[in-house]
Amino acid sequence: MTAAIWLALVAALASPVSVPAAPQHFDALISTGHEGRPASCIHFPTRHCNLGASGERQWTPIVADEAARALRADGFAVAREPADFFGTFAVKAAVFIHFDGSDRPCSTGASIGYHESSSSAAAGLWRSLYTRYFPFRFMPDNFTDNLRDYYGFRQIHASRGALVVELGEITCPAQRQWLAPRLKWEGDLIAYAVKLLIARK
Ligand SMILES: [Zn+2]
């Protein structure tokens, strides 16, 4: 074997794409809509580099950080991921945090997206919890294709459910005003919902 062939063989075996990585195991995955973009987009050229509604990227990390903190404080293992991340995850619950935006302000509100029917119970839990507090419109589940086919679902296996949660419409002044002082509270409510979901038999 020549040195060149040997080096090529070593390079092929060492290539990160030659062997699919095993999923990483956590109790929960919390991913933050649009966080890390646009810098991360170059690594995911087939994805639309959606930067979110105006102000959304500033808010989602506040909610996600608090949700992860609250879960970890109670002993749960949490993968706290930005919008784009590598690899796959096997978890009990996954939440992708967003705020909605619209060209027609106040035409939407809160909503939930999921890909698998096995996540519908998780969606029902979040809806019943959040409607107790959120005083604006709550759209039907999966009311857009983007909610149902969210790219992040492909990297997750979540035994109790994987949800995109849109916490309200950030482009609606009344909703924005209601949401602004409640970002950490939103994180705590998400953590509470994840704990309920994981505790379910
Ligand atoms: Zn978003």
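1. In this predicted model, helix 6 (183–199) provides four residues to the lining of the largest cavity, which is the largest share that comes from any one element. Strand 4 (89–100), helix 3 (120–130) and strand 6 (156–169) also take part, and each of these elements, like helix 6, supplies at least two residues of that lining.

2. The space enclosed in this largest cavity is about 90 Å³, and among the 13 residues that line it, those closest to its centre are Val 95, Trp 126, Leu 163, Ala 193 and Val 194. As for the character of the lining, 12 of its residues are nonpolar and one is polar, while none is charged. When cavities of 30 Å³ or more are counted, the total comes to one.

3. Elsewhere in the chain, strand 2 (residues 28–32), helix 2 (residues 56–73) and strand 3 together form a β-α-β unit, and this unit is right-handed. Strand 2 and strand 3 pair with each other in the parallel sense, with four bridges between them; a reader who wishes to locate the pairing may start from Ile 30, whose bridge partner in strand 3 is Arg 80.

4. Which way do the residues of strand 3 (residues 78–81) point? Val 78 and Arg 80 point one way from the strand, whereas Ala 79 and Glu 81 point the other way. Such a pattern is what one looks for because, in a regular strand, side chains alternate between the two faces of the sheet. It should be added that Val 78, Ala 79, Arg 80 and Glu 81 are all buried, so that, with buried meaning under 20% relative accessible area, the description applies to the charged residues Arg 80 and Glu 81 as well.

Methods:
Residues numbered from 1 in each chain as written. Predicted model: local features only at pLDDT ≥ 70, side-chain atom pairs only at ≥ 80, totals over all residues. Heavy atoms only, no water. Buried < 20%, exposed > 50% of the residue type's maximum accessible area, 1.4 Å probe, protein only. Pairing = 2+ DSSP bridges. Right-handed = clockwise from strand over helix to strand, strands pointing away. 1 Å grid on protein atoms, 1.4 Å probe; cavity = no way out; pocket = protein on both sides within 12 Å on 5 of 7 lines; lining within 4 Å. Points joined across faces, edges and corners; volume = space filled by probe spheres on them.
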